[in-house]
Amino acid sequence: MRLDRKDYAFRPRKDGKALLVPGKPEESALIKIIHETDPEKRMPPPKAHRQLKPEEVALLERWVKEGAKYEEHWSFIAPVKKVTPEIAGDTWSRNGIDKIVLAKLKEKGLSPAPAEDPHTLIRRVALDVTGLLPDPADVEAFAANPSDAAYEAYIDKLLASPRYAEHRARYWLDYVRYSDTHGLHFDNLRSIWPYRDYLIRSFQNNKPFDRFLTEQLAGDLLPAANIDEMVATGYIRANVSTNEGGTIPEEVQVNNTRDRTEAFGAAFLGLTVGCSACHDHKFDPTSQKDFYSLSAFFNNTAEKSWDENVQDPQPVLRIPAADKLPELEKAIAARHEPAAKYEELNNHAEADFRQAVASGLKATPVSTDDLKVRLRFDEGQGDVVKNSAPGADPASYKVETNPLVWGEDAWLWPSMRMDIASRLALPEEGDFESDQPFSASFWTMARLKTANIDTGTGSMLSRMGDSSRNSNRGWDLFYEGGKFIFHMVHQWPQNAIRVESAPFARGEWKHVGFTYDGSAKAAGVKLYVDGREVPLKVTNDTLQPGQTIRTDVPLHVGRREDTQPLRETRYQDLRLYTRTLSPEEFARLPYEDVASEILAKQPDPAKWSQDERFVVLNRWFLGSVNQEAARLRGELAQADAAINEITKGGTPTLIAREKATPATASVLNRGVYSARKERVYARTPEFLPPMAAGETHDRLGLARWLLQADQPLLGRVTVNRMWQEIFGTGIVETTDDFGIMGMRPSNQDLLDWLAIEFRETGWDMRKMYKLMLMSAAYRQSNAATPDKIAKDDKNRLLSRGPRFRMDAEVLRDSALQAAGLLVEKTGGPPVKPYQPPGVWEAVSMPESNTKAYTADTGENLYRRSMYSFWKRFAPPPSLETFDAQAREVVCTRRARTNTPLQALVTMNDPQFVEAARKLAERAIKAAPDDAARIQFMAEATISRKLSEKEVPAFAKSLEKFRSYFTSKADDAAALLTTGDSPADASIPAAETATWTMVANQFLNLDEYVNK
């Protein structure tokens, strides 16, 4: 029983009655069952221990009596930008944010907090914008002149810095589950760091968010004008992947697609769409069909579903050395024009096709004369296949041993795959003599498994036995090592014809056919692949005229009678003729012949299925008929060849490529990869506004749908995450769940105002961050009062300024910065700072190339944490202790825990101890006396001088440490060896050790770890 959607509530049930009858509570099943006296029938049942209160029952009755009106959940209604409220006497507000916040505070009987101390404010804003501490000189300059103009100028300075771009990209790495390893099995290295650098460049250049989003979701579907549009699609490839030999490719494909769909739902819709993978969502209106229709957008990418245990599983873009980048940019720009023209042709293919038909274009079918077998393999289920050849007898065949596998893949239509021991025999067909001409053709895909295990060699179509049956007498089309091989045998190998093609790749659909002219000569055999004759190598040509090839074994698909099964191969549209076919006929067989059938059945393109459109428009009309399309494909091929030449040997980065086929998926029963219930095309969830008319149903269309003016979620979800980054908690606390089970916004008017402001200002991310930072709400003191704690304990109403523990990366980077160790170098490959020994080894397989961790040396030890090598099996342990994610799944909101292990890191981790030592050296050199050195450390870490009351505590610690290290020279010397950076030999070891421990105290202050 569901009441969250009116469709459920008003739909007649099995007894013909609806749960609700508007205006008539006495006839409504819902009202009856909540009043039911029988505990076995009453809802909610007593055993649930969640009984309705009398006032709640009365409210339900009243609601039904008044018409049971339903309203959509707030987040599924497009936001409305209300006029910002004007409050009499308001001298606090600085922008629209403040006016809306102030109105909510007044409503709750609260007032804003006073302005924050300038030292604290400038530290806060520097950490929020850049993830690093402010320069002490900037702090003092602002403290001396804390004007609005000075504050704004400082924000502009921060927003323009590479530090800002790195910090913003650091959040995005969690949102997209970025990692430097694949994440399963060997957890080997993957090369995708150029995508991380793309994020940094995008924030540095203030790329509009609509473009930023579109490039990541569908850069490969844009007529790319620069490198970034291709590199950006690393977002699609960021999911966990595997090459474990025991996994099933189709299951891996489903898992990859599911992960991408869930990540998309969380990051761009703020919905837990993954709950619908097994059944309709229990709370949100996302149906199971919605989920798989959405997943279809991500189910059509052209990479293998497994990673091959290599760093660069295709497709990849190889980025050349810096001196070749201008040449590459030029080549990509040159490709843009033909790509854009081809995209335009594709978008107008139906109109151009109609015009061509009006001008006399016809699809010419291949004659069905002497066609004995035609197995389309389009049944979609079961173990019986139909023979649709004219006058076929029998009209169908039954598969024995193992059933066929249907619908895992599609080409002309959803395909068939032979299971590992399937036997499909056609006993009446194919029993030819060597002087009889015959031909055969079919679409096929030889399967590849994970770990690049192929499915062996074997016969694709055969009327032949093993060596015990007259020495392999018969004929077949064989597959071995990627080669297509035709055999015709009287006695092997003495009297036989054998010809072979060059190798073709597995895992790709190929149309394969042969024709034989009855001459008993190898020259009488021709082989065609994708409608074109291919050169053949003759290895045997010893069949003599009059030697029989007839055999008593039946014709088989996918095996010989006794041996050589070609396991698990896919087939479509298999044909057998008792005549030779001409080259022109073979050219028409792959697409034109099928197109002619579609046109004969339904000449109106508007009424075609997407599969039919694919065959007629994409494959035949654009692929074979339209000369402009052919010309543009030639130009694109030349451009791609030029790009490949320039990028040869460059740094690889994983990118996405879309397949030519329509984007589809299957609704899976309980989410089981093999339990396909219904095939669905790419479509957005039904409860949200539809895609604009005429929009392409691919990832590019999906990106454009997100950006539609009536889209209720994207703007809200995005500004909510921005708010969370700055204020610590989103306006909607559950940033990944804007659904019914998520938290309601603390201030919906504010959220909606920000969402529309974001759109209206051109999706300008930097402007939105500045708007938040310039607000009086952000600039408040974070001091709490009893009244504020009582009425706004979690600061959801913004009755005071934000205060929360900094993220793991910010803590480490700030320590390095305070120490003078931080190397500010933007971009580049991942680095390996210190980490405890044995962490990788404990979780890695012996064959893994990320089994042993060897820390870097030199400047790589001191790069920002966002550049640290991210191994999914074992993320950087010091960062993980402070709640950094493994990035196995999407994360839009990190937890903030408080554990003893965190103190262990900041007090004992080599990086923090070394940072304390170098901070100590800085203080000793910068200041002549103890008091001044303590104040130097305070300004370097908490951006202010200590008060007179605070200094004695540090002075007392100083004396204790000094006394200890003066008498413990060995301990002092040992402390100075922590970390790779050398100790300053000009400073006595005891003095450095003493101040190291004082500096360590500063790095462990509550005020340091919080902003």
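Start with helix H10, which spans residues 209-218 of this predicted model. H10 is mostly covered, with 8 of its 10 residues buried. The buried ones are Phe209, Phe212, Leu213, Thr214, Glu215, Gln216, Leu217 and Ala218.

Keep Leu217 of H10 in mind. Leu217 is in contact with Phe264. Set aside the neighbours within four places in sequence, and Phe264 also touches Tyr235, Leu269, Leu294, Phe298, Leu702 and Leu706. Phe264 belongs to the largest nonpolar core, which has 121 residues. Five residues have the most contacts inside that core: Val125, Tyr195, Phe264, Phe268 and Leu754. Apart from this core lies another, of 45 residues. Leu133, Leu822, Phe882 and Phe912 are among its members.

Now turn to a pair of helices. Two packed helices are described by the angle between their axes and the distance between the axes. Here the pair is H29, residues 910-926, and H30, residues 930-941. They pack at an angle of about 130°, and their axes are 9 Å apart. H29 is therefore oblique to H30. Their crossing is right-handed.

Which residues in H29 and H30 meet? From H29 come Leu919, Ala920, Arg922, Ala923, Ile924 and Ala926. From H30 come Arg933, Phe936, Met937, Ala940 and Thr941. Sorted by class, this contact has 8 nonpolar, 1 polar and 2 charged residues. The charged ones are Arg922 in H29 and Arg933 in H30. The polar one is Thr941 in H30.

Conventions:
Residues numbered from 1 in each chain as written. Predicted model: local features only at pLDDT ≥ 70, side-chain atom pairs only at ≥ 80, totals over all residues. Heavy atoms only, no water. Buried < 20%, exposed > 50% of the residue type's maximum accessible area, 1.4 Å probe, protein only. Helix = DSSP H or I, 4+ residues; strand = E, 2+ residues; numbered from the N terminus. Core = buried A, V, L, I, M, F, W, Y, C linked by side-chain atoms within 4.5 Å. Contact = heavy atoms within 4.5 Å. Axes fitted to C-alpha atoms, helices over the stretch in contact; angles between N-to-C directions. Parallel < 35°, antiparallel > 145°, perpendicular 65-115°, else oblique. Left-handed = near helix turned anticlockwise from the far one by under 90°.
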